[in-house]
Structure formats: C-alpha cells, structure tokens
Amino acid sequence: MNGSNQTRVLVVDDEPVLAGVVASYLGRAGYETRTVGDGRDAVAAARDWGPDVIVLDLGLPGLDGVEVCRQVRTFSDCYVLMLTARDDEIDLLVGLSVGADDYVTKPFSARALVARVQALLRRPRTGAAVPAPARRVVGPLVIDPASREVTLDGTPVDLTRTEFDVLATLAASPRLAFSRRRLVDAVWGEDWVGDEHLVDVHVGHVRRKLGDDPGRPRFIVTVRGVGYRMGPGA
C-alpha cells in the first residue's frame, strides 16, 4: 500500500480529542498514524499518503463517512473500519454497502479498536505472496482467488474485499454448511469480536450483486438454524 515498512493508519473523526486518543493507542501498537477532521481532507490524505487502514467516522460534517468510503474505493483497497454513533441497522447497511470492512459503534474502548485493526491486518491482502486456491466454477459463476475476480456468465461482478472473501470461503467447501461463527473465523479472524449477523449483511450484498433470489437461490443457500452453504449454480 505504501513505500514505508511501517503500517499506516489514517484516523478520520471530527472530534479531535477522540481522534487523538485513538491515534495515540495505535501509535503505541507500532502503527504510523495521521488524523484528519473532515471528509475532504480524508479523501486527499488517503490518496496522497496511502494508508493501509482508515478508521473512518460515519457522521462527519459535509462529506460524510459513506461518501468518503465510496470515493476512496475508486482508487484504494485499504481496509476501512467504520465508526458510528448511531446503532441502527440502516447506518450499518449503508456503510458496508460502499465497501467498509468492519464497524465499531461509539462509545468504544480504544484498546478494543486497536484489536479490530490488528484483526483486519491479519487478513490476507490482494497480491499477498501465498499460494492461491484453485479457481472455483459454480454453474455460470467463476471465482478466481488468484486474481480475486468474479464473473457471472462472463461478466465481471464488482465485489468488495470482504464480499469476495465470504463468497470464496463458501465456494472453497461447497458441501459444507458454514455457521456464522465459522464464516467470521475464516473471513475476519478467530479473535474478532462483534455481532455475527454482520455475515448476513455481507451475504445479502453478494446475493444482490449476483442477482440471487434468497427464496430460490442458485449460489448462496440459507441453511436454517445453521448458516449458509454454496448452492448448485443451476
């Protein structure tokens, strides 16, 4: 992501004291940090500084966190951890639909937030030097872990990093019914702490982008009382 050996975290919040506390804890954990207080400066810093992670407040004045995330996603695949003071599902859904990887609701422990950043960074990145699993074909759906590309009937499907990871995890073990917890462990990491129904949000986004009807699914099947498994694709 950047030319430095030190992981960079951009903290975006219009509350200077909170941003400073978060940056201080991240600095103690060994990260290089910068803080900005509004959305336009956040987009500029993301473009010019090249952070590995953005801790992004949803409720910024002017250019809000959703629009910042949307703009950043046009030029960066950095991890985005969204902060929200509003603990309602609409904010969560909107934030994740534009490419946020995780979320934390205020008030939160700065130490817990650092742990969430660390968990994100343990996830494999695009281009990581590890052998990629074989390409998976599910009817007209092709999932290529090496290039992290998905096509449906030959047409590219634009998935976020997390959406791709959820789909690829299911496709790698097509006969296995995954519980939400097992998907969380595979995608977010075993030490991730939060609402496991986050999985449902991402599955919903993947289904929508694949045109998959939950009532008659071709690709992602709900297993009642368990979670999800890969469908036949037919």
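In the predicted model, strand β4, which spans residues 79–84, is largely enclosed by the rest of the structure, because 6 of its 6 residues are buried. The burial extends to both faces of the strand: Tyr-79, Leu-81 and Leu-83 are buried on one side, and Val-80, Met-82 and Thr-84 are likewise buried on the other.

Strand β4 pairs with two strands. With strand β3 (residues 53–57), β4 is aligned in the parallel sense over 5 bridges, and within this pairing Leu-56 has Met-82 of β4 as its bridge partner. The connection between β3 and β4 passes through helix α3, which comprises residues 65–72, and the resulting β-α-β crossover is right-handed. Strand β5 (residues 102–105) also runs parallel to β4, to which it is joined by 4 bridges; here Leu-83 finds its bridge partner in Val-104 of β5. Met-82, the partner of Leu-56, and Leu-83, the partner of Val-104, thus belong to opposite faces of β4, both of which are covered.

Tyr-79, one of the buried residues of β4, also takes part in a contact between a charge and an aromatic ring, in that the charged end of Arg-161 sits over the ring of Tyr-79 at 4.1 Å from its centre. A further arrangement of this kind involves Arg-47, whose charged end is placed over the ring of Phe-75, 4.1 Å from the ring centre. As for contacts between aromatic rings themselves, a pair is described by the distance of the centres and the angle of the planes. With centres required to lie within 6.5 Å, the count of aromatic pairs comes to 0.

Note on methods
Residues numbered from 1 in each chain as written. Predicted model: local features only at pLDDT ≥ 70, side-chain atom pairs only at ≥ 80, totals over all residues. Heavy atoms only, no water. Phe/Tyr/Trp six-rings, centres within 6.5 Å; stacked < 30°, edge-to-face > 60°. Lys NZ or Arg CZ within 6 Å of the ring centre and 35° of its normal. Buried < 20%, exposed > 50% of the residue type's maximum accessible area, 1.4 Å probe, protein only. Pairing = 2+ DSSP bridges. Right-handed = clockwise from strand over helix to strand, strands pointing away.
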